[in-house]
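Let's take a friendly walk through a protein model together. Have a look at the sequence and the 3D view, and then we will follow one helix step by step.

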Amino acid sequence: PLADDARGILTARCDACHAQNAMGGLRLDTESGFRTGGKSGQPAAALLLTALRGGAPGIKAMPPGKPLPASEIDTLSRWLDSGAPWPQAHWAFQP
């Protein structure tokens, strides 16, 4: 599913800087962190594609060094367009 694909990209490409150490105050490893956003006060969804597509004034290009492949940016774009649903926990881990 699209949510799992998007979460996989965020885990592989973003969690090193935006998980527990939360650079810029932005956590992308939890839904609440994603929805809350970082120091800018804007939800991650509002800035994510701009940063991934090379940045803009006041928005750094992410990830630093090597841009994501276009296919991964497209997956994240489609996920954001669908409302950025967060993957659901496997049924076996729910009460």
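**Following one helix**

Let's begin with a single residue, R7: beyond its neighbours within four places in sequence, R7 is in contact with D15, L28, D29, W86 and P87. Keep in mind as you look that this is a predicted model. Is R7 buried or exposed? Buried means under 20% relative accessible area, and R7, with a relative accessibility of 15%, therefore counts as buried.

R7 is part of helix α1, so let's widen the view to that helix. Helix α1 covers residues 2–18, which makes 17 residues. A straight helix at 1.5 Å a residue would reach 24 Å, yet the end C-alpha atoms of α1 are only 21 Å apart. If you trace its path, you will also find a kink of about 45°, centred on A12.

Which residues of α1 are buried? They are A3, A6, R7, I9, L10, C14, D15 and H18. As a general point, an α-helix has 3.6 residues a turn, so residues three or four places apart point the same way. The cover over the buried residues of α1 includes α3 (44–52) and α4 (70–81).

Now turn to α4 and see how α1 packs against it. The axes of the two helices are 9 Å apart, and the packing angle is about 130°; α1 and α4 are therefore oblique to each other. The crossing of α1 past α4 is left-handed. On the α1 side, the residues that meet α4 are L2, A3, D5, A6, I9, L10 and R13, and on the α4 side they are E72, T75, L76, R78 and W79.

Terms used: Residues numbered from 1 in each chain as written. Predicted model: local features only at pLDDT ≥ 70, side-chain atom pairs only at ≥ 80, totals over all residues. Heavy atoms only, no water. Helix = DSSP H or I, 4+ residues; strand = E, 2+ residues; numbered from the N terminus. Expected span 1.5 Å × (residues − 1). Bend = angle between axes of the 7 residues up to and from the residue. Buried < 20%, exposed > 50% of the residue type's maximum accessible area, 1.4 Å probe, protein only. Contact = heavy atoms within 4.5 Å. Axes fitted to C-alpha atoms, helices over the stretch in contact; angles between N-to-C directions. Parallel < 35°, antiparallel > 145°, perpendicular 65-115°, else oblique. Left-handed = near helix turned anticlockwise from the far one by under 90°.
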